[in-house]
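Trainee: I'd like to look closely at one part of this structure, the one you would pick yourself. Please start there and then work outwards to whatever surrounds it.

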Amino acid sequence: MKCNESALSFVPYSQSRASFYRKKGYWIGETFIDFFKNCCNKYGDNIALIHQNRKLTYKQLFTHAARYGSYLIGQGITEDDFIVVQSPNRIEHFIVMFGILYSGAKPVFCLDGLGEYELSNVISISQARCYIRTVNKDDQEVAQKIADRLKQNNSSLKYIEIIPISEIDAFNLPESDLVPARRVSPDTIAFLLLSGGTTGVPKLIPRTHDDYLYSVRESAKICDLNEKSKLLLVLPIAHNFPMSSPGFLGAFYAGSCVYLADTASPDVCFPMIEKYKISQVSLVPSLLMLWLDSVFYDRFDLTSLRVIQVGGAKLLPEIAKQFVDKFNIVLQQVYGMAEGLVNYTRLDDVLETTITTQGKKISIDDEILIINEDGYPLGQGETGQIITKGPYTINGYYNLPNVNKVSFTDDGYYKTGDVGYIDSNGNIVVTGRLKDIINKGGEKISPSEIESLLIDHPSIKDVSVVGEPDKILGEKIKVYIITHQAEKLTLQELRKYLLNKHVAWQKLPDKLEIVKTFEYTLIGKVNKRAKAYPISES
Ligand code: OOB
């Protein structure tokens, strides 16, 4: 075991479970680079990626990644290193991602929107040695300044690289400089994903080659991807959903073509669907609603679309129904989490199932229990917290032993914090949530993190952040504040205050209400379930 995979930081699968998953053929001993190489060899001249006028075949993508990986090895990157990666949805991301994996190092995938504040936390927990960011040329200078500050403030960070988009050829090393991909063990960490956190600090999710690739292969099969499939990728590339459910990795496994859209808006995506005859796209419910209501709907030929995957937040049955009534496209609900477990409604499910449930687990060996408040398992049809363990669900967050004590049961189940039940056909239905997060259009935001950032504000005596129901986004961020004296405080000021702390823009509050008091629970916590705070001033 490597030093950075010590028992403290990485909780491995038990030996008996690992050998069971191998025996069942779930874990096949393949690393990401084996997987990627196999895909690229198999589908060599197929187009893997398209963004605007740029195209890469599978063969070309592999060559670029191998060159970049060789370059990183030449820079002294080793298989012990974590590399924080941040990219918009552009071709460069794939080259950097597979280049890092080629070098044997482990990417830490960060959403492009993360600010310096979040990045610093991620670097500190992962003890990352490198930070690589791909940016539009216009943003290069700002990105470089942020990277320099990150390096100054984080002693683990030794190497930073800002790559301007569409100049990746700068890394085209001569053939002779190519070195072989570093061999790593398939049961070790392949990369870290970020969890939508309930705590002040981000939680990093260690996924192994074995476990993650199993979910990718199965997802590609469940979603019926093949060499003819054309996927439009609109969700942020660093997120688990567009990465593997079935995402671009599922597409690569099947030899499909992935098209990158500049934005998720209908005026950009609908013409692309028509022009390229896109067959699949994954959306969060808020985007589905935007597409559903778009005036562009009638102006473009969308008949090539076979399937729309929707997940990341609850899709209300009314909206699902509106969708299936209007579009002649299969709806596939996806309930998943970066920690592992993913459920899909199947493509041949009856409409009722597709509209009202979040589908079935990937693997018969995904163990899902519904438990009551005391931790006792409930029966089929009964509602409680969803907990799970299985061949691709983590056993602990990276380097957070105290968080693990509360996020996992003693017998190794991950407590999802989601509430739901399993219907008589084995489909899961998510009905609510126990965990204190805000799900704003699929983006997971930790109220306690925003609270801890705002409490330092000189005018703020106490603060409570909650998700306020929103028709389109599901939830918006609402901040209740008690000021020291009757100071005036505006939403604009609050947002500016957070921006000055270099917080991701997704976390900026949408609404502010100044109140005189909060309602407290018996143990003195702010009662966030109280519908309204009693004494409001505005
Ligand atoms: C996906 O992953 P994360 O890690 O950003 O968020 C997971 C959480 C779940 O625990 C649940 O609270 C919520 O997002 N969620 C859903 C949902 N899909 C995710 N809640 C209700 N209905 C759904 N369909 O969001 C993610 C990862 C892989 C595939 C799809 C989504």
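**A helix and its surroundings**

Mentor: Happily! Let's start with helix 11, where the buried residues are P285, S286, L287, L288, M289, W291 and L292. The helix covers residues 285-292, and since 7 of its 8 residues are buried, it is largely enclosed by the rest of the structure. Do keep in mind that this is a predicted model. The protein chain has an average pLDDT of 92, and 93% of its residues score at least 70.

What does the enclosing around helix 11? Its buried residues pack against three strands, namely strand 9 (230-233), strand 11 (280-283) and strand 12 (307-311). They also pack against two helices, helix 10 (266-276) and helix 12 (317-326).

Those three strands take us to the sheet. Strands 9, 11 and 12 sit in succession in an open sheet of 9 strands, whose order is 2-1-10-9-11-12-13-14-15 and whose pairing is mixed. At its edges stand strand 2 (54-57) and strand 15 (360-361); each has a single partner strand, so one side of each is left without a neighbour in the sheet. Strand 9 is joined to strand 10 (residues 257-260) by 4 bridges, in the parallel sense. If you want a pair of residues to find on screen, L231 stands opposite V258 in strand 10.

Now follow the chain out of strand 9. The loop between that strand and helix 8 (240-244) holds A238. With a relative accessible area of 10%, under the 20% cut-off, A238 is buried. Beyond its neighbours within four places in sequence, A238 is in contact with F109, C110, L111 and L193. A238 also gives us a ruler across the model: its C-alpha atom lies 30 Å from that of I455, 217 residues apart along the chain.

While we are on the subject of burial, turn to helix 5 (residues 116-126), which includes E116. E116 has 10% relative accessibility and therefore counts as buried. Leaving out its neighbours within four places in sequence, E116 is in contact with I146, R149, L150 and H502.

Next comes strand 5 (residues 130-135), which is mostly covered, with 6 of its 6 residues buried. C130, I132 and T134 point one way from strand 5, while Y131, R133 and V135 point the other way, and all are buried. Strand 5 pairs in the parallel sense with strand 3 (residues 82-86) over 4 bridges, and R133 is the bridge partner of Q86. Strand 5 also runs parallel to strand 6 (residues 159-164), joined to that strand by 6 bridges. There, V135 has P164 as its bridge partner.

One helix pair is worth a stop as well. Helix 15 (residues 447-454) packs against helix 16 (residues 491-500) at an angle of about 95°, and their axes are 10 Å apart. That angle makes helix 15 roughly perpendicular to helix 16. The contact has 6 nonpolar residues, no polar ones and no charged ones. In helix 15, I450, L453 and L454 meet L494, Y497 and L498 in helix 16.

A last word of caution concerns residues 531-538, where pLDDT stays under 50. The model has 22 contacts beyond four places in sequence for that stretch. Where pLDDT is low, the predicted coordinates should not be read in detail.

Methods
Residues are numbered from 1 along each chain as its sequence is written. This is a predicted model: local features need pLDDT of at least 70, side-chain atom pairs count only at pLDDT 80 or more; totals for chains, interfaces and linings use all residues. Side-chain values use heavy atoms; hydrogens and water are left out. Buried means under 20% relative accessible area, exposed over 50%, partly exposed in between (1.4 Å probe, protein chains only). Contact means heavy atoms within 4.5 Å. pLDDT is the predictor's confidence in each residue, from 0 to 100. Axes are lines fitted to C-alpha atoms, for helices over the stretch in contact, and angles run from 0 to 180 degrees between N-to-C directions. Angles under 35 degrees count as roughly parallel, over 145 as roughly antiparallel, 65 to 115 as roughly perpendicular and the rest as oblique. Ala, Val, Leu, Ile, Met, Phe, Trp, Tyr, Cys and Pro count as nonpolar, Asp, Glu, Lys and Arg as charged, and the others, Gly among them, as polar. Two strands pair if DSSP finds at least two bridges between them.
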